[in-house]
Amino acid sequence: MASLAAAIPALPRRYHAASIWALYVVGLCPAAWYFYQAATGGLGFNPVKTFEHLLGIWALRLIIATLAITPLRDLFGINWVRYRRALGLLAFYYVLMHFSVYLLLDLQLNFAAVGGDIAKRPYITIGFAALLLLIPLAVTSNNWSIRKMGQGWIRLHKLIYLIAIGGAVHYVLAVKSVTSGPFTHIALIGILVAYRLIRRPLLNWKRARRQPAQAAR
Amino acid sequence: MPAYRPPHIASSEITPKNIYLSRRSFIGAAAAAGFGLAASGDAWAAPLNTVPGPYKLSEKLTPKEAVTSYNNFYEFGVNKEDPAQNSGAFKPTPWSVKVEGMVGKPKEFGLDEILKMKLEDRTYRMRCVEGWSMVVPWIGFPLSAILDQVEPLGSAKYVAFETVVRPEEMPGQGGLFQPLPWPYVEGLRMDEARHPLTILAVGLYGETLPNQNGAPIRLVVPWKYGFKSIKSIVKIKLVEEQPQTTWKNSNAREYGFYSNVNPAVDHPRWSQATEQRIGEGGFFGTKRVDTLPFNGYANEVASLYSGMDLKANY
């Protein structure tokens, strides 16, 4: 399986930082493009809802990408850990934009309606909870926090699994029927979260299999 | 000055008449194949002669562009733009509607006969269960006009409706993920069906219905959520028991048989207190208005439900 990693040319180390900044720029392109489209009449007759939904879907995609980093390394030997912080932060920005559009353009700062929605509608309660849970992760995403918090940082950032599940449930409850689009996103989140349950035994098994082979050499 | 000599055209180069005449179906097929053109079939698209109907409405009409490109018609796909984009291959002609069941004189109505009915302008508010609304200038006639012709029996208590099933022309009816079971079915109580507000629509904005709006004939029940107004009807059956309805079958906790527009009874997942007017306000000024009981038709229809618990009969 490591052959896949060999097939992808390694990026020279000196380009790593630049590639991360490029990821931020590329990652924000969908939002910028859809905003431009919405403002110029390119998103149909309900541009606010369409823009809101697209931001939400892209937030889920970025969460999926964040969760995919570890299995990519475990199973295929592709090490893209350097991009994980950018993907996670981009996901946070998209969730924030998703909520802002809902607040500003959809409900137009009708705080009574927003409060009612958050209290009464489970999918909005869950979505809002996921947004709140993302805040500590975003705030502690810098190197200083990672060094300072040690094991606590790792424990705190396990929240992303809960956030991902919350995002998936939020999506399922928000649509009228689960068609291929929602299903794909939800299934990917399900698989990636479930992978964490089998990860330890899987890695132990792989290590055990490798060791006798090395001993025989 | 040299005389113009017309080029000689070999008879082998002349397009045979049958192929020439089938160019429309080719265009339709091409549209269905992904060109995204909304070519409506055959000679269906045409202006209609109408007389002014009752029920005047002073509200601003939703632009035709919005009425014909922001639709829920899952037979053509679940996204709002899907029906306009994916309905090019749909053939609304020839068409007929069977009216049967508990009637004295069952009858199959051909489209020609339907279009000869006295067609009225009926501008109605349309409120979707999802929380958006439009104001649509429909063209149609009271459903009761058809029911009268088939002589309903006294035992008929409900009217059941059925949409056409044509997976080859309706891409949403094929494929792996089916959002709903087909055919789409709906129903009304007899007094609702006979109410003068209830119409069968064959057109909007002065012309025959575009495919994406339920061509060639659809129901419009303006005091109920939009999904009750079943599209592309092929069968109307008078029955004794409350008929099956698609969204109730799909999720009975969220969608009831009555589905009257009611700002006081929320959908389990979202509020029904307000609605967004499609096609107004644009991106930075979404227009939200309060939803009215029975979608503003309470004076006309509230009496149909007197004594009924509208929270229980949502």
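## Strands β5, β12 and β13 of chain B

In this predicted model, strand β5 (residues 132–142) of chain B runs parallel to strand β12 (residues 274–277) of chain B, and two bridges join them. If you would like a place to start looking, find B:Trp132, which stands opposite B:Gln276 in β12(B).

From there, move on to strand β13 (residues 288–290) of chain B. Three bridges connect β12(B) with β13(B), and this pair runs antiparallel. Here B:Thr274 has B:Asp290 in β13(B) as its bridge partner.

## Two nonpolar cores

Strand β5(B) turns up again inside the protein. The largest nonpolar core has 53 residues, and those touching the most other members are B:Trp138, B:Val159, B:Phe161, B:Leu200 and B:Ala201. β5(B) supplies the largest share of this core, with six residues.

B:Phe161 is worth a click. Leaving aside residues up to four places away in sequence, B:Phe161 touches B:Val185, B:Glu186, B:Gly187, B:Leu219, B:Ile230, B:Ile233 and B:Ile236. There is also a second, separate core, made of 38 residues, which includes A:Ile63, A:Ala130, A:Ile163 and A:Ala168.

## Helix α9 of chain A

Does the length of this helix fit its residue count, or depart from it? Helix α9 (residues 159–174) of chain A has 16 residues, so at 1.5 Å a residue it should span 22 Å; the end C-alpha atoms are 22 Å apart, which agrees.

The buried residues of α9(A) are A:Ile160, A:Ile163, A:Ala164, A:Gly166, A:Gly167, A:Ala168, A:His170 and A:Tyr171. Two names here will be familiar from the second core, A:Ile163 and A:Ala168.

## Where the chains meet

Chain A gives 19 residues to the contact, and chain B gives 19 residues. On the side of chain A that touches chain B, the elements giving two or more residues are α2 (16–39), α3 (47–76), α4 (84–106), α5 (111–120) and α10 (180–216) of chain A. The residues on that side of chain A divide into nine nonpolar, seven polar and three charged.

## How confident is the predictor?

The model as a whole scores ipTM 0.77 and pTM 0.82. For chain B, the mean pLDDT is 90, and 87% of the residues reach 70 or more.

Which stretch of chain B has pLDDT below 50? That is residues 28–41, a stretch that has 30 contacts in the model beyond near neighbours in sequence. Predicted coordinates should not be read in detail where pLDDT is low.

How values were computed
Residues are numbered from 1 along each chain as its sequence is written. Chains are lettered from A and ligands numbered from 1 in the order in which they are written. This is a predicted model: local features need pLDDT of at least 70, side-chain atom pairs count only at pLDDT 80 or more; totals for chains, interfaces and linings use all residues. Two residues are in contact if their C-beta atoms, placed from the backbone, lie within 7 Å. Helices (H or I, at least four residues) and strands (E, at least two) are DSSP runs, numbered from the N terminus. Ala, Val, Leu, Ile, Met, Phe, Trp, Tyr, Cys and Pro count as nonpolar, Asp, Glu, Lys and Arg as charged, and the others, Gly among them, as polar. The expected span of a helix is 1.5 Å times one less than its number of residues. A residue is buried if 20 or more other C-beta atoms lie within 10 Å of its own, exposed if 12 or fewer, and partly exposed in between; C-beta atoms are placed from the backbone. pLDDT is the predictor's confidence in each residue, from 0 to 100. Two strands pair if DSSP finds at least two bridges between them. A nonpolar core is a set of buried Ala, Val, Leu, Ile, Met, Phe, Trp, Tyr and Cys residues joined through C-beta atoms within 7 Å.
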